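Trainee: Could you take me through one part of this protein at close range, namely the open sheet and what packs on it? A little context from elsewhere in the chain would be welcome too.

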Amino acid sequence: METENRWRFAIEGTSDGVWDWNLETNKTYYSSKWAEIHGLSNDIINNDMVTWESNIHPEDKPCVFSSVHDYLNNKTKTYISEHRIIDHNGNTKWILEQGVAVARNSAGEPTRIIGVLRDTTEHQLSRHALQDSESRLRGLLTAIPDLVWLKSPDGIYLTCNSRFEKFFGKKESEIVGKTDYDFVDIMLADSFRENDKKAMASSVPCINEEWITFADDGHSELLETTKTAIYDEQGNVTGVLGISHDITERKSIENELKISAYVFEAQEGMIVTDANNIILRVNHAFTAITGYSATEVIGKNPRILSSSKNNADFYRAMWESITNKGSWSGEIWNRRKNGEIYPEYLTITAVKDQHGTVTNYVATMADITSNKAAAKEIEILAFYDPLTHLPNRRLFIDRLSHALASSARSQSKGALLFIDLDNFKNLNDSLGHAVGDMLLLHVAERLNSCVREGDTVARLGGDEFVITLEDLSLQLDEAASKTKLIGEKILQRLSQPYNLGEYEYQITCSIGAALFHHHEQSQDELLKQADIAMYQAKKLGRNAICFFDPEMQTSINARVELERDLNIAINEQQFQLYYQIQLDSHGQAIGAEALIRWPHPEMGLISPAKFIPLAEENDLIIPIGSWVLDTACAQLKQWQQNARTQDLVLSVNVSAKQLHQVDFTSTVKNTIDKYAINPNLLKLEITESMLLNSIEDTISIMSRLQTTGVRFSLDDFGTGYSSLQYLKRLPLNQLKIDQSFVRDITVDESNRVIIRTIIAMAQSLGLETIAEGVETEAQRAYLLNNGCTHFQGYLLGKPLPIHEFESALKS
Ligand SMILES: Nc1nc2c(ncn2[C@@H]2O[C@H](COP(=O)(O)O[C@H]3[C@@H](O)[C@H](n4cnc5c(=O)[nH]c(N)nc54)O[C@@H]3COP(=O)(O)O)[C@@H](O)[C@H]2O)c(=O)[nH]1
């Protein structure tokens, strides 16, 4: 009892409330302090558990009972509970209650528990106030659309808001305690750290802009980040606060504005007016174009620029378009400040507000004075010949098609003249192109003077001119005779001497005429016909006019077909080589001439005299010549393997185009190498006419080939104009007397003289002579008696396919 009293005395002395619960008697002792906390006094207190329980806040009771239950069942070591009570005066208080068993029964169950109780209301209130403040702060941070974060001086995140979480794509709890290096690449983290340090070292906030990619969805934003150092009361830096604001849109607007300002000051003049068409703003280009400064026009109506060149209807239509369609653009004549009227390309656009009401008009203007001049220039370049200023081919074709249409309508006949100067090239080559151009200018003038106003004289290019003669007559024959008269006038006028600076020059022309008399004729067809007729005039000896006739067309068509077939022949290797024997003065076979044959699948054997000139014209001679050379060398290879034929020399015809191919020398060498033949047995026949042009070039090519051992024969000798001078320089082995001299040898004394001269020339140059076209014994005898060394002709053998040739050789 004594102990109990002492215990009671002691507990009454503490500042905490004490309770002592005897579980066996279910009596509870409450200290005065306990009673005080509960708003009770000791004299009215009941020493039972009901007193304790009834004061507990109803909401907290389940939790308190659970704690008691856990303790009684030995689930916890002490009983502890912080909960609310409602004291006797109705005040809600927070208390912290703790208790331990001081006695247990034999089963180990508590039989007496003593506990203390402390009023924690004040502490709880301030804790809750702090929690509230924190949650308000957090709510605030969350509501802020900016990224907000706080880092320690060494860069460790202390907190951040939810917007910031999106940047790293992590929750705040995962961010706090880490640094930038844990979330972004090292370069970016370095730059963040650098800016943090700057901010912490600065007394004012530091601002920087950076593009940031958000880890949560990968989108990017341009952020303006303000970093501010945070200090404690002693002024020590305790961290850095960062706030990043998305300025992507603002920047883009700023850029748009910059661009707009730039555009406004672009090359084109600009006017901005209000809805009443009063000028609000103009740019520098406007001033440059019109001569008016901004101050001179602001507040005025743009009509100060108008000229009298556009009438009221024009402006009415313009405003109608602006009102109805929102814009107008087109060419307009305006007046500059200095009074000059100029063309302008103007665009006016109505600017409307969201209600569709016009607020402004924006006009852009481009001075097209120079465009107009350029357009004129372009037209001249596109449609006129720059030298003579005559219409060019394009304009001519256009005019011709109109003339044809008009002729078809009126039934009145017209004509097309195709004029080509004769040997114009000689003038260019001898006196130069500048003099040639002067002549062309004179020709253009003279042609214009030969025709009527409505006729068109055009230059197609080079020395080719064309003229359309319209409305000649309703009768075809009369139209033809008028055409002839005009053509003859042109022949006569053009053949008069020309004064070309220091030179006086005379030239003639050839004219082809085609009449247009039925509406199916196309301009291309007519041009072709006149061209054909012009070639006919050339063939007739030049300085002549020829009319197109249908027979010519037939022959042209045949040529076109032949050309097409020739291409097929090359691809399908339809050619054959024939061999014509060549004998020496003792009648010994010394070789042969390879002569191409074309057994056409439908037309039979076509003479080389017919297709070789065509092949030369359109360059098909190149593949044909290569085939001949290759086949001849292959034959030489065959012959080399036989004692009877191993010394035969094979002559191969080479055309001018072939000889002047850049790779001709190498082609010959390669072919010789390919078949490993003796080059001395290959003789290339070139014609005398080939020497007329580019003699120096020909000498150099022949000389290069001569070094390989190849031999040369000069074909058709006597028909050209080779001077002895040139002959001496050519690396020749043989002169071939043309068959035209041989043919009449027995009847024509002049041919005999020529033959004797050729043989004498050959002897003096140390060359062999071979006569071709030897058909009679008399011809052979005469040639032999006059020193001719070699012979070829039907008398000795016709050109034969290889098997027949070799059989003839044996016999
Ligand atoms: N570039 C090349 N030209 C070649 C080639 N093959 C032939 N030709 C040239 O074609 C022209 C016509 O040749 P062709 O019809 O073969 O006539 C030759 C002989 O057949 C003919 N000849 C020969 N002997 C007589 C004869 O006694 N009487 C007679 N009326 N004609 C005869 O003469 C032509 C020989 O020509 P050439 O010796 O070359 O002057 C002709 O110009 C050939 O050159 C070829 O592969 N490439």
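Mentor: Happy to; here is the sheet, followed by some context.

First, some ground rules. This is a predicted model, in which local features need pLDDT of at least 70 and side-chain atom pairs count only at pLDDT 80 or more, while totals for chains, interfaces and linings use all residues. Residues are numbered from 1 along each chain as its sequence is written.

The sheet is open and has 5 strands, in the order 7-6-10-9-8, with antiparallel pairing. Strands here are DSSP runs of E with at least two residues, helices are runs of H or I with at least four, and both are numbered from the N terminus. Two strands pair if DSSP finds at least two bridges between them. At the edges sit strand 7 (157-160) and strand 8 (206-213), each of which pairs on one side only. From one strand to the next, the twist averages 25°; angles run from 0 to 180 degrees between N-to-C directions, and axes are lines fitted to C-alpha atoms, for helices over the stretch in contact.

Within the sheet, look at strand 9 (residues 220-231) and strand 10 (residues 237-246): they run antiparallel and are joined by 9 bridges. One bridge to follow by eye is that of Glu 224, whose partner in strand 10 is His 245.

Now add the helix. Helix 8 (residues 186-201) packs on the sheet and touches strand 6 (147-151), strand 8, strand 9 and strand 10. Contact here means that the C-beta atoms of two residues, placed from the backbone, lie within 7 Å. The direction of helix 8 makes about 40° with that of strand 9.

For context, the protein has 29 helices and 32 strands. Of its 811 residues, 29% count as buried, that is, with 20 or more other C-beta atoms within 10 Å of their own, C-beta atoms being placed from the backbone. Among contacts between residues at least 6 apart in sequence, 52% join residues at least 24 apart.

Elsewhere, a helix pair makes a nice companion example. The axes of helix 16 (residues 433-450) and helix 17 (residues 476-494) come within 10 Å and cross at roughly 145°. Helix 16 contributes Val 443, Arg 446, Leu 447 and Cys 450 to the contact, and helix 17 contributes Ile 486, Lys 489, Ile 490, Arg 493 and Leu 494.

How values were computed:
A residue is buried if 20 or more other C-beta atoms lie within 10 Å of its own, exposed if 12 or fewer, and partly exposed in between; C-beta atoms are placed from the backbone.
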